[in-house]
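Me: I would like to work through this model by question and answer, beginning with its interior and then turning to one of its helices.

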Amino acid sequence: MRILVTGASGFVGGHLARTLAGAGHEVRALTRRADRYRGSGTPVAGDIGDLASLTAALEGCDVAYYLVHSLAEPDFAERDRAGARAFAGAAAAAGTPQVVYLGGLGDDADDLSAHLRSRREVEAILGAGTPTTALRAGVVIGDGSTAWEMLRQLVERLPAMVTPRWVQTRTQPIALADALRFLAGVAGVPEAVGRTYEIGGPEPLTYREMMTTVARLTGRRRLIVPVPVLSPRLSSQWLRLVTDVDLPTARALVDSMTNAVVVRDRSIEALVGHTTMTFRVAAEIALADRAERLDPAA
């Protein structure tokens, strides 16, 4: 198949482009600077805000992945809304048979964070404008993932943590390899068009449980004491000081960490024929990948 991947310079997009190219697909990687792109696939110059460039990039594509978000920008919701409308319009004009979008888990009946509301809004815009398959995920565990790096750095840098209440929030992390398997697995599948799927590991965990597991895997003993007095603003400042996460992203992440994000429907596993690995195994792989990246000769 001929497949367009937007966000191919990002964490999930870069790995997905490599996965799809490795499976023999003709991959187009949408990028603002085609001359600087070094990832998998053929770089195609384009911008989410430029309808003409999007239509040209989508021409002849069987599937298009929409993996763009503006989380690091203060006005991310407005940017993502405009981007989704432009992409849906371009995909409809190009006659693209299927758009695949990766959004966020979360119960619609819950008071969703601004970040999760934005992800849901983008999903709705794409679905209303073009044939779409939506996948919803929580934390993606892999070397280089923002959420994973935040967890790893907190465990690595703080022997004792006085933590916000969100460390008790339940989420359903998914290994990068599993997320890629599901994303690639729905491409070109007619029964997946117009559907929304939830993806996650086999069990929900709190952020505290995940940090405790990482501490054990890295041979550390960590004291984690949740307290109710750290406001979201102070909590995001704390993350910014202790980790490498930029402040706008930290604020959006902290806002979302108040929402429980768990899988209620596992129907995609039967569709794709794949079951997911545990958080512990995913964390072991992420740690091993980081060690190899930092010291390939080891």
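Reply: Before we begin, contact here means heavy atoms within 4.5 Å, and the model is a predicted one.

Me: Leaving aside neighbours within four places in sequence, with which residues is I268 in contact?
Reply: I268 is among the residues that touch the most other members of the largest nonpolar core, which has 32 residues. Helix 10 (267-272) is one of the elements giving two or more residues to this core. Once neighbours within four places in sequence are set aside, the contacts of I268 are L135, F182, V186, Y197, E198, I199 and G273.

Me: Which element gives the largest share of this core?
Reply: The elements that contribute two or more residues include strand 1 (2-5), helix 1 (11-22), strand 5 (99-104) and helix 6 (176-185). With 5 residues, the largest share comes from helix 6.

Me: How many residues are in the other core, which lies apart from this one?
Reply: Among the members of that separate core are M150, M210, A286 and L287. Across the protein as a whole, buried residues make up 50% of the 298 residues. The other core has 27 residues.

Me: Which residue follows helix 3, and what is the sign of its phi?
Reply: Helix 3 (residues 76-94) reaches 26 Å from its first C-alpha to its last, close to the 27 Å expected at 1.5 Å a residue. Its buried residues include F76, D80, G83 and F87. The residue that follows helix 3 has a phi near 70°, hence a positive one, and is G95.

Definitions and conventions: Residues numbered from 1 in each chain as written. Predicted model: local features only at pLDDT ≥ 70, side-chain atom pairs only at ≥ 80, totals over all residues. Heavy atoms only, no water. Buried < 20%, exposed > 50% of the residue type's maximum accessible area, 1.4 Å probe, protein only. Helix = DSSP H or I, 4+ residues; strand = E, 2+ residues; numbered from the N terminus. Expected span 1.5 Å × (residues − 1). Core = buried A, V, L, I, M, F, W, Y, C linked by side-chain atoms within 4.5 Å.
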